[in-house]
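Biologist: Before we begin, could you take me through how a model like this is read, one feature at a time?

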Amino acid sequence: MKTINKWTYVLCLASVFGMSGALAQSDPIRIGLPVPLTGPYGAEAKDQVRNAEIAVKEFNEAGGLEGRMAELLVRDDKLNPGEAATRALDLIEKDHANFIVGGLSASTQLSTNNITKQRKVIYISISQSDAINEAADMSRYTFHEALNPHMTTQALGRHLFKEGMRIAFLTADYAYGHEMARGFTTVAEEVGAKIVGEVRHPLGTSDYSVFLPRLAALKPDILVFNNFGRDNQISIQQAGQFGLKANTKFVTPVLLYTARQAAGDKVYEGVTGATSYYWELQNQYDTAKALNERYKKEYGSYPSDYGALAYGAVKSLLMAVKQAGTTDTEKVVDALASLKYDTYKGPEYYRGCDHQAVQSVLIIESKTAPADNPDDVFKIVKEVAPTEDILRSCEKLGFK
Amino acid sequence: MDGFMLQLLGLQLFTGVALGAIYVLMAVGLSLIFGMLTVVNFAHGAFFMVGAYVGYLLYQYVPNFWICLVAVPVLTGLIGIVVERYLVRPLYGRGIDYPLLLTFGLGYVMVEVIRIIFGKQGLPVSTPDALQGAVDVFVGPFPLYRLFVIGVAVVVLLILWLFIERTSFGLIIRAGARDPMIVRVLGVDISRVWLVVFAIGTGIAGLAGYLSAPMQGIAPEMGTNVLIVAFVVTVVGGMGSLTGAIVAGLLIGIVESLAAFMYPEASKVSMFIIMALVLLVRPMGLFGRAGLMS
């Protein structure tokens, strides 16, 4: 009796092990996507999910990694750094995510990065941040697919600022706003323009009226809105309602497709800004055309700038997985770091020291959409080709 | 201080008054319901938000700003009636925390329902054509629409004051706030009075939401800030005092604006500093009467 029991036990154990082995074989490649679906950046976050889903679908349709499919785990970080850290931890520990892509604010991406760094999990950030490039925050597992404030402001400032111009800032009081303001200040000093004042507002402000008389009184040639999402939309709308547009040019570092679409022609009329992507790039790049067509088929419109970043990040990540032939983190890191890719906007690569995606910056201007194409909302004024010139040097970032 | 600075100060002051008027409109419904029913309506911000969405939805079918302006407070008030009759009424006489907890949860439910129907991200609302543009208000340009909102706030407060102070129904409301037992003994159906007050309070909240939409768009979370402002105004002015709400709303708007003029970083915090100071010196608020909470 005793021996039979023992043998049954061994048999059971063996079958369980065998099964879990078989399960591991067909285990999907899990990509965690924490984005702020709730809150002022909700529209952008939602489009990131849509685009990431397309990248995953394309990977799976092409057969996955020798039959192993990819799977997207979408989480809502509510634009809160604490929540973002918890979501990242849950994704890694409970959901066994292989990789994490996401984060839609400078502060949430830094807290996510803290977790992924500790756990040695690859994290590709898809929103603007300068800090994430710096030696103190960056790690072997950290990649940054989005533009960063320094390159955005360099490209935009060199194009717009002229000697002797008066420039004022309305800045969201957190990392994103501060980094943009710092970047613009650097360029202004280089070209000899003058920063005449800055007003800071809390993230998620809904009434800007009290800040506007002061800004108008500075009589700036250019008023820069260093804020994002709904804050950007509401502040530009209210500044327009207060008549500031008459004598001042409105500039915003990241001129969002989603915000422009939501606000309509009038609010953003004449506003200039930078972006990582605009659908018209399809006239130049086949990859842009392919993404646009796929997106149109799935959702009936065009992918947004921040949305396309999620596509680009997941796409390049899965490219690296395929190239490495495994989901082993260390091997995928090496593959990603050496990748020269064109996923949706022309050639890109991750710079060696800080894993910043070196890529083109578009300077765009909002225009009234023609009646036959309501999505034709921007004019591409200039395409600044991919160059490390507009990045801070590796030494400056603290890398030896 | 030269003329230019004076002019800027003037415009800043004016902006503060305008903001204060909007704050009063946001807060008065909360104050009214608390003063008459001693119900702390934590769903106030949600009613504000629902008003904005009701307006947005109605505008799809009746694209006329003015018709919606009248219809929105009525429709939001109707929602308020349902809430009072079937949710709040069973809790009267059970202590102040029961309706507080109920409305707190109800606020969450309303926000989630709106998210399910309209989506999580915000929607834009454009200013009606007749009210677009800026006009010169002696100290500088000011958006016409904001002037219009101030006008609406004044009209609403005037009607409310006349209704409460000058009509026999208002007399019953005031009597009910003082001593509901005696009013009941005198043969007045007090529950009907409370129903009306709740409807008016939520209706004004809805109207404020509708009027805010062209200034900031609409989003499911738009009521969160408003609830905070409304509470600060009500606490500073004194729980349940109409005059208090008006004075406190204007005071907070003006201080916020002047703070933005001198030290912008402090502007959004200034209202809490006022609240702390008032609570230290006059715990019942500027115009409040003691004992309402007990």
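Modeller: What follows goes from the two chains, through their interface, to two single residues. Please keep in mind throughout that this is a predicted model.

Biologist: Where do I start with secondary structure, and how many helices and strands does chain A have?

Modeller: Start by counting the elements and then reading their order along the sequence. Chain A comes to 13 helices and 15 strands, whereas chain B comes to 11 helices and two strands. In chain B the order is α-α-α-α-β-β-α-α-α-α-α-α-α, so the two strands follow one another after four helices, as the definition of numbering from the N terminus lets us read.

Biologist: What does the radius of gyration say about chain A and chain B?

Modeller: The general idea is to set the value against that of a compact globule with the given number of residues. For the 400 residues of chain A the rule gives a figure near 21 Å, and the chain has 23 Å, which agrees. For the 294 residues of chain B the rule gives a figure near 19 Å, and the chain has 19 Å, which agrees as well. The box around the C-alpha atoms adds the dimensions along the principal axes: roughly 95 × 45 × 35 Å for chain A and roughly 65 × 50 × 35 Å for chain B.

Biologist: How should I read burial and surface, and what share of chain A counts as buried?

Modeller: One figure concerns residues and the other concerns area, and it helps to keep them apart. In chain A, 59% of the 400 residues count as buried, and the accessible surface comes to about 15,100 Å², with 53% of it on carbon and sulfur atoms. In chain B, buried residues make up 53% of the 294, and of an accessible surface of about 12,900 Å², 72% belongs to carbon and sulfur atoms.

Biologist: And the charges: how far apart do the centres of the positive and negative sets lie in chain A?

Modeller: Here one looks at the counts and then at the distance between the two centres. Chain A carries 44 positive and 48 negative side chains, with the centres 3 Å apart, while chain B carries 14 positive and 12 negative side chains, with the centres 12 Å apart.

Biologist: How is the interface read, and which three residues of chain B supply the most buried area?

Modeller: One takes the contacts, then the area, and then the residues behind that area. The contacts join 34 residues of chain B to 31 residues of chain A, and the two chains bury about 2,700 Å² between them, 54% of it on carbon and sulfur atoms. Of the area that chain B buries against chain A, B:Gln121, B:Gln216 and B:Lys268 supply 19%, more than any other three residues.

Biologist: Turning to single residues, is A:Arg30 buried or exposed?

Modeller: The answer rests on relative accessibility, for which under 20% means buried. A:Arg30, which lies in strand β1 (residues 29-35), has 17% and therefore counts as buried. Leaving aside neighbours within four places in sequence, A:Arg30 is in contact with several residues, including A:Glu71, A:Asp95 and A:Phe99.

Biologist: Where is A:Pro81 placed, and what does A:Pro81 touch?

Modeller: A:Pro81 belongs to helix α3 (residues 81-93) of chain A and, with a relative accessible area of 33%, is partly exposed. Beyond residues up to four places away in sequence, A:Pro81 touches A:Ser107, A:Thr108 and A:Ser111.

How values were computed
Residues numbered from 1 in each chain as written. Chains lettered and ligands numbered in written order. Predicted model: local features only at pLDDT ≥ 70, side-chain atom pairs only at ≥ 80, totals over all residues. Heavy atoms only, no water. Rg over C-alpha atoms; globule rule 2.2 N^0.38 Å. Buried < 20%, exposed > 50% of the residue type's maximum accessible area, 1.4 Å probe, protein only. Areas by Shrake-Rupley, 256 points an atom, 1.4 Å probe, with all protein chains shown as cover. Lys, Arg positive; Asp, Glu negative; His and termini not counted. Charge placed at Lys NZ, Arg CZ, Asp CG, Glu CD. Contact = heavy atoms within 4.5 Å. Buried area = accessible area lost by both parts, 1.4 Å probe.
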